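Student: I have this model open in front of me and would like to look closely at one part of it. Could you walk me through the annotated site and then show me what lies around it?

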Amino acid sequence: MLEEISFQIRDNFETKNKIREEGLKISREIVRECRTASFALHGKDFEKADSSINTAGRALKKLKSRFKGHADIYHAGFVEHAQQEYSEVAVLYGLLKEEGKIQNLPSPDELGVEYAAYLNGLGDLVGELRRHVLDLIREEAFEKAEVFLGIMENIHAVLMDFDYPDAITGGLRRKTDISRSLIEKTRGDVVNSIQQKKLELAMKSLESRL
């Protein structure tokens, strides 16, 4: 009897281990495609970004279906990480493609991701938006930089509303704190750049009158 029980448990573990290994491989593929999409977006290559995001989305659906009946390993962490990466880049794509319009951003249900993963993806998105704002500052596109700074602040305000234990939010509080710090740095960068540009224009105006 004990041998039969042992065989049954071993068979279950073998199945779980196989699915876990497959899941890890798919998860790494999703993360890789999402990072490719992120680099493409910052390079304004929306076609390449769209292709990578679609590839990641298909892989995510495959990953989710593969774990049916195995909730224990589905919630082991790597699936959520893949969903965070996908959420982050999917929303980034929408923001950059629509130049800061937030009306039609994809929801977690549309993306097929868990709510906590989506919120953590938004937390990581603040860092990507800071990178975009710095690019806009270098281009002296200050009005656009202020728009995206406002989006960063909006995201942070939304995340602040989810004051729940980390067991529910997946460690969102830490990312919310980091996003606050990034926003403060970015606000300083934007303000200083605008003031510097105004000073340069004032100096040129003064020189032209002398």
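Tutor: Let's start with Glu 128, which is found in helix 6, residues 115–138. Keep in mind that this is a predicted model, so a word on confidence helps, because where pLDDT is low, the predicted coordinates should not be read in detail. Among the elements of the chain, helix 6 has the highest mean pLDDT, 96, while helix 3 (residues 71–74) has the lowest, 78. Over the chain, the average pLDDT is 90, and 97% of the residues score at least 70.

Now look at how Glu 128 sits. Its relative accessible area is 17%, and the cut-off for buried is under 20%, so Glu 128 counts as buried. What is Glu 128 in contact with, leaving aside its neighbours within four places in sequence? The partners are Ser 38, His 42, Glu 88 and Leu 92.

One of those partners, Glu 88, deserves a stop of its own. In the unreviewed UniProt entry, the annotation "binding site" covers both Glu 88 and Glu 128. The two are spread over 41 residues of sequence, yet they cluster in space, with a largest C-alpha distance of 8.7 Å. Glu 88 belongs to helix 4, which runs over residues 78–97. With a relative accessibility of 10%, Glu 88 is counted as buried. If you set aside residues up to four places away in sequence, Glu 88 touches Gly 121, Asp 124, Leu 125 and Glu 128. You can therefore find the pair from either side: Glu 128 appears among the contacts of Glu 88, and Glu 88 appears among those of Glu 128.

Stay in helix 4 for a moment and find Phe 78. Is Phe 78 buried or exposed? At 13% relative accessibility, Phe 78 counts as buried. Phe 78 is 54 residues from Leu 24 in sequence, but their C-alpha atoms are 6.9 Å apart in space. Leaving aside neighbours within four places in sequence, the contacts of Phe 78 are Arg 20, Gly 23, Leu 24, Ser 27, Phe 67 and Ile 73.

Helix 4 is also joined to another helix by charge. As a general point, side chains of opposite charge can pair when their charged atoms come close. The structure holds 11 salt bridges. One pair is Arg 35 with Glu 85, whose closest N and O atoms are 3.5 Å apart. Because Arg 35 lies in helix 1 and Glu 85 in helix 4, this pair ties together parts that are 50 residues apart in sequence. The two ends are covered to differing degrees: Arg 35 is partly exposed, at 45% relative accessible area, whereas Glu 85 is buried, at 12%.

Another salt bridge joins Glu 22 to Arg 66, with 2.6 Å between the closest N and O atoms. This pair links distant parts of the chain, since Glu 22 is in helix 1 and Arg 66 in helix 2, 44 residues apart. Both ends are partly exposed: Glu 22 has a relative accessible area of 27%, and Arg 66 has 33%.

Let's now move to the loops. Glu 139 forms a salt bridge with Lys 44, and the closest N and O atoms are 3.6 Å apart. Glu 139 lies in the loop between helix 6 and helix 7 and Lys 44 in the loop between helix 1 and helix 2, so the pair ties together parts that are 95 residues apart in sequence. Glu 139 is partly exposed, at 47%, while Lys 44 is exposed, at 53%. Lys 44 also has a positive phi of about 65°, although it is not a glycine. Glu 140, in the loop between helix 6 and helix 7, likewise has a positive phi, about 60°, without being a glycine.

To finish, turn to the surface of helix 1, where Phe 13 lies. Phe 13 counts as exposed, with 55% relative accessibility. Together with Met 1, Leu 2, Ile 5 and Ile 9, Phe 13 makes a nonpolar surface patch of about 590 Å². Set that beside the site you began with, where Glu 88 and Glu 128 are both buried.

Conventions: Residues are numbered from 1 along each chain as its sequence is written. This is a predicted model: local features need pLDDT of at least 70, side-chain atom pairs count only at pLDDT 80 or more; totals for chains, interfaces and linings use all residues. Side-chain values use heavy atoms; hydrogens and water are left out. Patches are made of residues with over 30% relative accessible area and no salt bridge: like charges are joined within 9 Å, nonpolar side chains (Val, Leu, Ile, Met, Phe, Trp, Tyr) within 5 Å. Accessible areas come from the Shrake-Rupley method with a 1.4 Å probe; for residues, only the protein chains shown count as cover. A salt bridge is a side-chain nitrogen of Lys or Arg within 4 Å of a carboxyl oxygen of Asp or Glu. Helices (H or I, at least four residues) and strands (E, at least two) are DSSP runs, numbered from the N terminus. Buried means under 20% relative accessible area, exposed over 50%, partly exposed in between (1.4 Å probe, protein chains only). UniProt positions are given in the numbering used here, feature names are shortened, and annotations may be inferred rather than shown by experiment. Contact means heavy atoms within 4.5 Å. pLDDT is the predictor's confidence in each residue, from 0 to 100.
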